[in-house]
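User: I'm new to this one and would like to go through it with you. Could you show it to me before we start?

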Amino acid sequence: MSLVEERYQKWINHPNLDARYKEPLANMTPEEKNDAFYTTIEFGTAGMRGLLGPGTNRINIHTIRKATQGYANYIKANGEDACKAGIAIGYDNRHMSRELAFDCADLLAKNNIRSFVYDSLRPTPMLSFAVRYNKCFGGIMITASHNPKEYNGYKLYDDKGCQLVPKLADAVIKEVNAIEDELAIDANCTEEQKKLITVMGDDVDQDYYKHVLSIQLNPDVKKDIKIVFSPEHGTANIPVRDIFKLTGYNCIPVEEQCTPDPDYSNTPTPNPEQPGAYEMALDYAKRYDADIILVCDPDADRMGVGVKHNGEYVVLTGNQSGAVEIEYICSQLKEKGLMPEHPVMFNTVVTSDLGEKVAADYGVETEKTLTGFKFIGEKVAKYEVSHEKNYVFGYEESYGSLIKPFVRDKDAPQALLMLAEACSYYKERGKDLVDVLNDLYDRHGTYEESQVAIALTGEAGAARIKEILANLRADAPKEIDGVKVVRSEDYQECTITENGKVTPLTGFTKSNVLKYYLEDGSWIAVRPSGTEPKCKFYYCVKGTDKDDAHKKTLNFQKAMDALTSK
Ligand SMILES: O=P([O-])(O)O[C@H]1O[C@H](COP(=O)(O)O)[C@@H](O)[C@H](O)[C@H]1O
Ligand SMILES: [Mg+2]
């Protein structure tokens with residue numbers, strides 16, 4: 001019997017199989033069966049994420065229990081104090097999220113581990129905050145972030161509220177993998193053990209709001225702007241609207257997208273990386289003549305921005321909104337004499353160069369990490385202890401930023417408040433945020449950043465993604481669209497190749513990423529997504545002006561297409 005068949009038979013015949021899965025299992029096509037059982041669901045960029053449904057390679061009550069039992073064993077191995085400190089648990093609007101969250105709490109209680117659960121859906125950054133607020137040993141967030149509605153996921157946090165970095169995640173994974181029969185785990189705890197579960201109250205929310213309000217650099221700015229806001233049916237609805245109410249901003253919610261909805265009924269996509277996420281907000285913006293559109297992904301760690309510029313709405317990329325944020329923050333810190341000593345900003349190896357140039361202009365150093373906000377959180381924790389450098393900002397290409405590190409993950413409510421303030425501040429001075437961005441291009445060079453993600457699903461898709469990167473390694477491009485590759489970095493082999501010389505690349509955990517620097521100041525990076533079945537290509541293209549950058553971007557994309565279609 002094949003491994004897939006063996007696993008399938010075990011599941012379908014298991015006495016503990018959740019009754020909801022019997023029928024879908026019985027009706028699986030051979031292809032679906034293979035996909036659901038060919039592997040066990042793994043931890044990626046942001047915990048475990050996958051399609052909902054029965055199978056070892058799916059998110060369901062059994063695979064989540066397996067992960068939680070493994071986590072519980074890890075917590076117990078950390079001693080009595082860890083069990084007592086407990087775990088904060090949060091969840092989003094997705095199918096099964098609430099059920100899975102409370103099931104995790106029961107299972108932890110069964111293991112005599114305390115937990116603090118939010119009474120209803122909350123953003124991922126608020127879960128990170130709750131870990132710190134309750135002085136927990138760690139945290140669990142049930143969410144698949146911005147993925148389509150068929151997905152769910154499981155993010156794990158350390159005691160600082162930072163997602164587990166590989167070193168810690170590996171220790172948990174070891175415990176998870178040691179569990180042989182995921183279906184044998186049940187979450188039936190006693191009434192006495194149930195007392196270990198605390199449903200969190202309003203005090204946590206209020207303290208989070210207080211902290212968010214503290215990021216304001218110009219709290220008294222003239223708030224003469226209209227904001228159209230959409231939570232994309234997710235967790236941001238209440239917190240973001242509360243924060244705008246507390247700070248006095250005029251926030252017009254996209255009502256149709258405010259109800260928590262696991263099916264995302266009124267948005268083509270909840271992902272701020274995609275134009276569909278702005279469709280309805282754009283209609284509202286035109287109707288109300290809004291200055292700015294602000295949207296959050298469902299777990300409210302990512303955000304998207306649309307800016308009214310010369311009468312039209314321009315949607316910024318994550319690289320662009322990050323650059324505008326750092327410009328506003330640094331200029332204000334400097335003007336007010338608040339810039340700390342040895343200031344540092346963090347972003348990732350696939351984030352545009354523009355932000356770094358802006359930061360450098362204000363004397364702020366940039367440190368780069370791999371993709372994954374956990375690596376930024378890790379750096380924050382390091383410097384918090386050593387005091388060698390002081391945090392100014394952290395952001396990623398993928399529409400996430402963190403203004404103040406009282407949260408240790410990207411935090412959209414903070415970003416939205418800062419962008420609203422920046423929008424108001426510049427409006428008073430006759431500018432919009434696109435004007436600010438254009439000024440940055442004038443000062444630091446014109447960049448066009450883009451990301452092309454090719455969807456490659458299932459076992460075959462995963463193999464193809466590996467092959468694309470392996471082919472690039474085996475036959476390294478010397479030029480791309482006729483432009484010479486002057487340096488390449490391989491984060492898996494940990495090498496830098498420059499002028500024919502190979503030197504070690506240090507300071508990063510091994511990761512399947514390739515980055516090519518071109519003679520004209522542009523770069524291109526390739527990596528498999530760790531949250532979706534996609535191969536991602538990142539382009540940071542430097543041009544003489546916008547048209548030149550755009551033309552070059554299209555040519556580079558075409559060239560990479562040709563290079564990787566072998
Ligand atoms: O999806 P989220 O908002 O949880 O965000 C997560 O995934 C993003 C995309 O990762 P990948 O390119 O591997 O798919 C990462 O940039 C981010 O740091 C991580 O927290
Ligand atoms: Mg998210």
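Analyst: One term is needed before we begin: two strands are said to pair if DSSP finds at least two bridges between them. Please also keep in mind that this is a predicted model.

User: Okay, so which residue stands opposite Ile252 in strand 9?

Analyst: Ile252 in strand 9 has Val228 standing opposite. Strand 8, covering residues 226–230, is joined to strand 9 by 4 bridges, and these two strands run parallel. Helix 11 packs on the sheet here, where it touches strand 8, strand 9 and strand 10 (292–296), and its direction makes about 155 degrees with that of strand 9.

User: And what's the strand order in that sheet of 5 strands?

Analyst: The order is 9-8-10-11-12, in an open sheet with mixed pairing. Strand 9 (250–253) and strand 12 (312–316) are the edge strands, each of them pairing on one side only. On average, and with direction ignored, neighbouring strands of this sheet are turned by 25 degrees against each other.

User: Which strands does helix 16 lie across?

Analyst: Helix 16, made of residues 412–428, lies across strand 8, strand 10 and strand 11 (303–309), and it runs at about 175 degrees to strand 10.

User: Back to helix 11 for a moment. At what angle does it cross helix 10?

Analyst: The axes of helix 10 (residues 202–213) and helix 11 (residues 237–247) cross at roughly 55 degrees and come within 11 Å. An angle between 65 and 115 degrees would count as roughly perpendicular and one under 35 as roughly parallel, and helix 10 and helix 11 are therefore oblique to each other. Their crossing is right-handed. On the side of helix 10 the contact is made by Tyr209, Val212 and Leu213, while helix 11 brings in Asp242, Ile243, Leu246 and Thr247. By class, this contact of helix 10 with helix 11 has 5 nonpolar, 1 polar and 1 charged residues.

User: Changing topic, what about the sheet with 7 strands, which order does that one have?

Analyst: That sheet is open as well, with its 7 strands in the order 1-2-6-5-3-4-7 and with mixed pairing. Strand 1 (43–44) and strand 7 (197–199) stand at its edges with a single partner strand each, so one side of each is left without a neighbour in the sheet. Further in, strand 3 (residues 87–91) and strand 4 (residues 115–117) run parallel and are joined by 3 bridges. Ile87 has Ser115 in strand 4 as its bridge partner.

User: Which strands does helix 6 lie across?

Analyst: Helix 6 (residues 97–110) lies across strand 3, strand 4, strand 5 (138–142), strand 6 (151–157) and strand 7, and its direction runs at about 165 degrees to strand 3.

User: How does helix 4 pack with helix 6, then?

Analyst: Helix 4 (residues 61–77) packs with helix 6 at an angle of about 40 degrees, the axes being 10 Å apart. Helix 4 and helix 6 are therefore oblique to each other, and their crossing is right-handed. The contact brings together Ile61, Ile64, Arg65, Thr68, Gln69 and Ala72 of helix 4 with Leu100, Asp103, Cys104, Leu107 and Leu108 of helix 6. The residues of this contact divide into 7 nonpolar, 2 polar and 2 charged.

User: And helix 1 with helix 3, what's the angle there?

Analyst: Helix 1 (residues 3–13) and helix 3 (residues 30–37) pack at about 85 degrees, with their axes 9 Å apart, and are therefore roughly perpendicular to each other. Val4, Arg7 and Tyr8 of helix 1 make the contact with Lys33, Asn34 and Phe37 of helix 3.

User: Last thing: which residues come nearest to ligand 1?

Analyst: Thr45, Ser145, Ser529, Gly530 and Thr531 come nearest, out of the 17 residues around ligand 1. By class, the shell around ligand 1 holds 2 nonpolar, 9 polar and 6 charged residues.

How values were computed:
Residues numbered from 1 in each chain as written. Chains lettered and ligands numbered in written order. Predicted model: local features only at pLDDT ≥ 70, side-chain atom pairs only at ≥ 80, totals over all residues. Near = placed C-beta within 6 Å. Nonpolar A, V, L, I, M, F, W, Y, C, P; charged D, E, K, R; others polar. Axes fitted to C-alpha atoms, helices over the stretch in contact; angles between N-to-C directions. Parallel < 35°, antiparallel > 145°, perpendicular 65-115°, else oblique. Left-handed = near helix turned anticlockwise from the far one by under 90°. Contact = placed C-beta atoms within 7 Å.
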